[in-house]
Amino acid sequence: MSSPTGPAGLPVRMPRPRQSGRHRRPEPLAAPEGAPALVLAVPGEPSAAVRSLAEELVSIARSELPGLEAAIGFLDGDDTEYVSLTGVLQRAAALRVERYELAVAAGREVAEPEGPAAVVVPLLVGPNAELMARIRQTVADSGAPAELTDVLGPHPLLAEALHVRLSEAGLARADRARLFTVTTAADGIVLATTGGVEAVQAAGITGMLLAARLAVPVMAAALDQDGSVASVAEQLRNAGSAQLAVAPYLVGPELADGLLDDAAKAADCPVAEPLGAYPAVGKLVLSGYMTLLGISAQQQGAPVR
């Protein structure tokens with residue numbers, strides 16, 4: 001049987017027919033046409049390191065959803081070196097209007113923009129009433145049509161990230177199924193967070209998932225409450241844990257300088273690194289965006305209004 005040919009009789013590679021039936025491969029997910037921008041709201045003091053971290057998380061989100069428009073807005077940005085959350089939202093709204101006007105001028109039949117121009121995702125793994133109130137107020141004051149998602153946790157992926165950070169610091173086995181031991185592995189974990197009582201309670205949920213992964217007790221404590229980390233460490237020691245470690249339940253930018261080190265020193269515990277730009281954090285940023293908009297693999301390609 002003959003096959004199609006191109007110039008000089010060379011065979012032409014024909015597209016593979018789409019597989020039908022229950023075992024067909026899913027179509028690759030992409031951002032729907034006209035979808036609002038994802039705006040990552042970054043708390044804390046802006047710096048080059050914080051911007052690099054945020055850019056890496058945004059890059060992870062873009063890699064998971066091709067075509068996604070994403071930007072970073074610093075809650076305490078100065079709109080010179082570090083663009084503010086207000087500035088990013090206003091630009092997103094202006095860009096949407098500009099695109100609509102250009103389309104109309106070109107004679108295209110397009111619907112007038114409606115719905116949010118941006119979806120704001122706070123870079124927080126747990127509740128923080130003070131920071132969330134500031135982000136919410138900033139979104140409202142910007143005048144831009146935007147919606148705000150919830151924080152990133154609790155979530156099993158955050159327990160995975162905590163496990164990895166502890167293993168990187170030599171404070172836990174990378175895989176509990178492995179037969180070798182880590183002599184510095186902790187037999188009790190203080191899960192340290194900020195945001196008050198509500199944040200500690202929420203951290204406890206992820207803490208239970210981490211305890212199941214490590215098979216050691218995990219208790220949450222408040223970094224922004226004097227003596228909380230040391231007190232929880234003492235409770236773990238009284239319950240029989242002899243080798244403790246502090247695991248920061250934080251991305252990093254929201255953490256005040258010196259707070260983590262001072263708390264770990266007071267509790268006499270080694271400490272792992274914050275979650276930072278761990279890939280799961282970027283995926284949760286995207287998940288919050290997609291959940292708010294109702295985007296799923298089945299709906300990809302449909303316009304968002």
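A residue counts as buried here when its relative accessible area is under 20%, and as exposed when that value is over 50%. Keep those cut-offs handy for the exercises below, which work through a predicted model.

**Warm-up: the whole chain**

Work out how many helices and strands the chain has, and what share of its residues is buried.

Solution. Start with the element count: there are eight helices and seven strands. Then turn to burial: of the 305 residues, 42% count as buried. Last, look at the contacts with a separation of 6 or more: 74% of them come from residues 24 or more positions apart.

**Exercise 1: strand β7**

Take β7 and decide whether its two faces are covered or open.

Solution. Step one, go through the strand, residues 244–248: five of its five residues are buried. Step two, sort them by side. L244, V246 and P248 sit on one side, while A245 and A247 sit on the other. Both faces of β7 are therefore covered, given that a residue under 20% relative accessible area counts as buried. That sorting fits a general pattern: in a regular strand, side chains alternate between the two faces of the sheet.

**Exercise 2: strand β5 and its partners**

Find which strands pair with β5, and in what sense.

Solution. First, β5 itself (residues 188–193). Six of its six residues are buried, so β5 is largely enclosed by the rest of the structure. G188, V190 and A192 point one way, and I189, L191 and T193 point the other.

Next, the partner you've already met: five bridges join β5 to β7, and the two run parallel. To pin down the register, note that I189 has A245 as its bridge partner, and that L191 stands opposite A247.

Then the other pairing: β5 and β6 (residues 218–222) are joined in the parallel sense over five bridges. Here T193 stands opposite A222. Finally, add the connection. β5, helix α5 (residues 196–214) and β6 form a β-α-β unit, and that unit is right-handed.

**Exercise 3: strand β3 and its partners**

Do the same for β3: which strands does β3 pair with, and over how many bridges?

Solution. Begin with burial again. β3 covers residues 118–122, and five of its five residues are buried. A118, V120 and P122 point one way, with V119 and V121 pointing the other.

Now the pairings. β1 and β3 run parallel and share five bridges; β3 and β4 (residues 146–148) also run parallel, with three bridges between them. V119 is a handy marker for both: V119 is the bridge partner of L38, and V119 stands opposite E147 in β4. Getting from β3 to β4, the chain passes through helix α3 (residues 129–142), and the crossover is right-handed.

One more stop on this side of the problem is P36, in the segment before β1. With a relative accessible area of 4%, P36 is buried. Its C-alpha lies 4.7 Å from that of A118, although the two are 82 residues apart along the chain.

**Exercise 4: helix α1**

Work out why the buried residues of α1 can be said to line one face.

Solution. Check the helix first. α1 (residues 48–64) has 17 residues and spans 25 Å from first C-alpha to last, close to the expected 24 Å. List the buried residues: V50, L53, A54, L57, V58, I60 and A61. Look down the axis, and these fall within an arc of 150 degrees, so they line one face of the helix. The face turned away from them carries the exposed residues A49 and S63. As for what covers the buried residues, β1, β2 (70–74) and α8 (279–293) are among the elements involved.

**Exercise 5: two helix residues**

Are T138 and A161 buried or exposed, and what do they touch?

Solution. T138 is in α3. Its relative accessibility is 16%, so T138 counts as buried. The side chain of T138 reaches the backbone oxygen of R134 at 2.8 Å. Beyond neighbours within four places in sequence, T138 contacts L75, L85 and T86.

A161 belongs to helix α4 (residues 156–168). At 0% relative accessible area, A161 is buried. Leaving out residues up to four places away, A161 touches L275 and Y278. The C-alpha atoms of A161 and V281 are 8.1 Å apart, with their positions 120 residues apart along the chain.

Methods
Residues numbered from 1 in each chain as written. Predicted model: local features only at pLDDT ≥ 70, side-chain atom pairs only at ≥ 80, totals over all residues. Heavy atoms only, no water. Helix = DSSP H or I, 4+ residues; strand = E, 2+ residues; numbered from the N terminus. Expected span 1.5 Å × (residues − 1). Buried < 20%, exposed > 50% of the residue type's maximum accessible area, 1.4 Å probe, protein only. Arc of directions from axis to C-beta. Contact = heavy atoms within 4.5 Å. Pairing = 2+ DSSP bridges. Right-handed = clockwise from strand over helix to strand, strands pointing away. Polar contact = N/O pair within 3.5 Å; in protein donor to acceptor, adjacent residues only side chain to side chain.
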